[in-house]
Amino acid sequence: MDIPRYWRLRNQRYRLEGTECTECGEKSFPPRCVCAKCKSDSLQPFRFSGKGTIYSFSTIYQALDTFDKDIPYSIALVKLEEGPLITTQLADISPDEIKIKLPVEMVIRKIYEDGEHGPIQYGYKFRPVLNK
Amino acid sequence: MSKIMKPIRQTGIIGYGAYIPKYRLPASEISNLWRDGQDENFLPIKQKSVPGPDEDTITMSIEAAQNALKRAGTDPQEIRAVWVGSESHPYAVKPSGTVVSQILGIVPDTVSGDFEFACKAGTEAMQAATAFVGSGMGDYALAIGMDTAQGKPGDALEYTAAAGGAAFIMGPAEEAVAVLEGSYSYVTDTPDFFRRAHQKYPEHGNRFTGDLAYFHHIYNAVTTLMEELNLKPSDFAQAVFHQPNVKFPRKKAKDLNFTDLQIKEGLLVDFIGNTYAGASVLGFTAALDKAEPGDRLLLASFGSGAGSDAFSFIVTDRIKKVRSKAPDTQYYVRREEKIDYARYARWRKKIVMH
Amino acid sequence: MRQTAIIGIGQTPVREHWDYPIRGLAVKALRAAMQDAGTERIEGLFVGNMLSGALAEQEHLGALVADYAGFPGIEAVKIEAACASGAAAVRQAVLAVASGHLEIAAAVGVEKLTEFSGKFSSKALATAADADYEASIGLSFAALNALMMQRYMYEYGYSKEDFSPFPMIAHHNAQFNPNAMFRYPITKAQYLKAKPIADPVNLLDSSPVSDGAAALIIVPLEKISRFAGKGVKISACEITTDSIGLDNRENPIILAAAQKSARAAYKTAGVLPKDISVFEAHDAFSIITALSLEASGFVKDGQAPRLAAEGIYNIDGRLPISTFGGLKGRGHPVGATGVYQLVEATEQVRGCAPDKLQVPDVRTAMTQNIGGSGATVVTSILEKI
C-alpha cells in the first residue's frame, strides 16, 4: 500500500474510526458511505473502543510476498464490543494461546515496513487484554 | 547566580505511564553464544527486555502515553506539546512525535518534535515540557523517554541494551500527582559513547564511560540540586538514577549517601536491562507507583555526550486516585516471555541479508 | 428473452504454460470451441480474466483476443469478477444472445499466472479481497479461508481430518481427466501431513497456481440445429454479490451470495436441488466446497463434511462433485475456472466425459463459480435437450 492510501486511512488504522448511522444507530467498521442496514446516507464518524473477543483466527505460514518476512504471524476476526467484526493481525500471542472468545484489545503496532527506504506503516493489531 | 531551575508557574506531573515489551533475553543466552558461558558469574544483569518484531519507539511511546493520559484524565486536544526523547527514533528524518500526536488525538494544535541526548533524551523532554507549561505557553505538555536500544552482537553492551520507557504529562501544580520542586541540568562535551549517522551500533569508551561520564555528571547534577534546594539525601523517600547496569546506580547512590532502600523501587535494570532514554524515567514511574502523598522523589538521568538532569518532586494526594487507572510499572516488568538468541537475532535484524 | 444453449466447448490443458502467452491460450481454447460447434464466425466475445493487467501487464483483452482469433472488429470486452470472472463472462454472453442482440457469442476464460520468473505474486490474487482492510494488513486468500474454516470447525465440532474427503475426491477424479494438472490420487495421511499455509488450511486444501483457457460458443436454443456441435441447454446462469470483506458479512460461514445465486438459478431453471445429478463445485479451498454445497441447498448447514465422509460426493455417489478434478485437482486458472466448470458440465450432459468420470444418465448439471471469499457467485444449470 502506497503513501496516499496509508495517509487517507490513518483515522481508521490509528483510531478505529468507523461510522454510526444517525437514523438507525447501526455502527460500521470500515466506515460506510451508505448505512448497510437502513440505507441512510446520514452517517457520522464513530470511534470504536478497541475491545472485543476473537471470533475466528489463523496463523500464517505462507504469506503475501509483502508479509513474507513476518511469518509466522497470527490473524483474527475480532468481534468488537459494539457489534461489528474486524479483520486484524494479533500481537504478543503465540499460536497455541489463541482461542475463539478470547478477550482482546487494540494496540498500535507496525503493520508494514516498505523495505529499508520506504515508509513505516502503523495501525491496529489486537492482543490479549492485559490483566493488570 | 542561582543554578536551580524553577518555572514561573508551579508545574508538576499530572499523569504518567510506563511501557515495557513482554519479551526477555536472558544474559546467559548472550554469554553462551559469544563467550562460551565463561563470564556467567559476572553478567551485568539477569535479562533484558526485547521489543516484539512489530514494536518500535513510536508504538511503545503510544502505549506509555495512553497510560499517562488515563491517569491524567486530560482531553488530548488540550495537550499543546508532544516531545519524544529517544536514540532509536524509527526515522532519521520525520518526527516520531507527529505519529504519536495523531494516534493519541492531540493533533493539530500542538508543537511536536523529537529529542536526542543518548540516555537522557527523555528527561530532556521533561525539562522542555516543564518550561513550556511553567511559562504559560500551554497548560499541558507530553514528554516521553523511550528506546529500543541495540548493542553490537558480542559487545558488552549487548547484554543490557533493552527496550521500554515512560511518558509524562506535565501540567499545572494544582492538578499534579507530583509537583516539581526544582530541577538542574549539568552538561559537558564528553565523548564517552556515541553513534555516528547511518551506523546501526554505538561505540563506547569502556572504562572512560564510568568515572568521567556517568559518575561525574550525575554527581554534579544531584549535589547541585540538593545544595540549591537545601536538601540532604535523607529528605528523599526514593531516588532513581540512570541504570546502565546494576553496579553503577548502586555505587552512585552510595557515593551520594543514599541507602539501598532509597533506590529499591526504581532499580529495574536487573529484570529489564538498560532501556536507555527509558531507563531513569521507568525507574521513576516505578517509584511513583509506590509513593505516598508528601514523599519527595529524586530523578537523576545520565546521557552520554554527556549530561545529567536532576529533578526533585513532591508527591500529592492525587496519586492515590489515579494510580490504578493504568497498569503499573511492575506489571510490565513481571509480564515476560523468555526468548532465545535465535529469535532475538531475527527480530532485532541481527541477521543481515545482502 | 430467448433461451440459449452451449453449442461448442474448448479448453487447453491446465498447466504451467511457460511457452504460451495469454492471447495464445485464449485463442487456442476459442478455436477449439468454434471447431466443436462447427462455426467459423462469432459476433461477440466476452473474455473472463482477473489478473492479466497485474501479471502479464496486459489489459484490454477483449480487443486483443478478438484480433488474434481472427475477428478484429467484433464486439469484445473483458469481464472481471475475481475468481468468478469466467462464469461472469458466460453470463454476459448468455444475456447478449438471449436479448436477441447477438446470434452467436463466445465466452472465453483465460488466466496466465506464470508470468514471473520469481515468486508467484499472491499479492495480485489478494486484490480480490478488500485491499484497504484485508490484503494490506497481511491477509492472503488462504488466510481468509482459514478464518472461515476455523470458525466452521468451532461451530460444528469438526476436526481437520473431516475435510479430507474434498481434496481426495478432487484428486481421485483429476487422475482420469487428461486436461487436469494433478493426475494422481492423495491419501488421508498425506492430507494430514501437508505443509501448513494458513492454519488450519494446508497445501492440500488449496487449489494450485495454474494457467489455462476454456471457451464456450453460445447460440439461441432454437437455432442449435444449424450447427454441427451437440447442444446443451443453459437453463440458468445467475450472478449475485455479497460484501467483499469477510468481516462485513452477517455470518462469515454462510455464503449468502451463493444461497441467492443458487435459489435464483433453481427458480429460473424450474428445478430443485434433488434434480441435479452433477455439481461442479468451486473447491478453491476445502472449506469453500462445504460452504458451497450447503448454500446451494444440497445439504443442511454444517453437514457437508459429514456427508462427504459417507461418499455421496464421490464420482459414483448420489451427487458427484468436481467430476473432472475441480479447482483442486484440475487446477484453478482463476479467470478461466468458471468456463472450465461449464465445459466439464457440458461434457457430463452430452455424455462424452472421459471414461471413469462420466456420471450415468446426466439430465441436469450445475456449476457454481465463486469470486473472492464469496463476494461474487455465479450459479449455472445445464440441461439435456
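This note sets out points on chain A of a predicted model, from its overall make-up to its boundary with chain C.

1. Secondary structure. Chain A contains two helices and eight strands. Their order along the sequence is α-α-β-β-β-β-β-β-β-β, and the reader may find it convenient to trace the chain in the structure with this pattern at hand.

2. Extent and burial. The C-alpha trace of chain A spans about 45 × 35 × 30 Å along its principal axes. The chain has 132 residues, and 52% of them count as buried, that is, they have under 20% relative accessible area. Among the contacts in chain A with a separation of 6 or more, 50% are accounted for by residues 24 or more positions apart.

3. Surface and charge. The accessible surface of chain A amounts to about 6000 Å², and carbon and sulfur atoms contribute 49% of that area. Chain A carries 20 positive and 18 negative side chains. The centres of these two sets lie 5 Å apart.

4. Strand β7. This strand of chain A covers residues 103-113. Eight of its 11 residues are buried, so β7(A) is largely enclosed by the rest of the structure.

5. Pairing of β7 with β4. Strand β4 of chain A, residues 51-60, pairs with β7(A) in the antiparallel sense. Three bridges join β4(A) and β7(A). One position to locate in the structure is Gly52(A), which stands opposite Val104(A) of β7(A).

6. Pairing of β7 with β8. Strand β8 of chain A comprises residues 120-128 and runs antiparallel to β7(A), with nine bridges between them. Tyr112(A) has Gln121(A) in β8(A) as its bridge partner. The two strands form a hairpin, with six residues between them. Within the turn, Gly115(A) has a positive phi of about 65°.

7. Boundary with chain C. On the side of chain A, 36 residues are in contact with chain C, where 34 residues take part. About 3100 Å² is buried between chain A and chain C, and 56% of this area comes from carbon and sulfur atoms. In chain A, the residues that lose the most area to chain C are Tyr55(A), Leu64(A) and Thr87(A). Together these three residues give 19% of what the chain A side buries.

8. Points to retain. For a first reading, two features may be kept in view: β7(A) is antiparallel to β4(A) and also to β8(A), and chain A shares a buried area of about 3100 Å² with chain C.

Technical notes:
Residues numbered from 1 in each chain as written. Chains lettered and ligands numbered in written order. Predicted model: local features only at pLDDT ≥ 70, side-chain atom pairs only at ≥ 80, totals over all residues. Heavy atoms only, no water. Helix = DSSP H or I, 4+ residues; strand = E, 2+ residues; numbered from the N terminus. Buried < 20%, exposed > 50% of the residue type's maximum accessible area, 1.4 Å probe, protein only. Contact = heavy atoms within 4.5 Å. Areas by Shrake-Rupley, 256 points an atom, 1.4 Å probe, with all protein chains shown as cover. Lys, Arg positive; Asp, Glu negative; His and termini not counted. Charge placed at Lys NZ, Arg CZ, Asp CG, Glu CD. Pairing = 2+ DSSP bridges. Buried area = accessible area lost by both parts, 1.4 Å probe.
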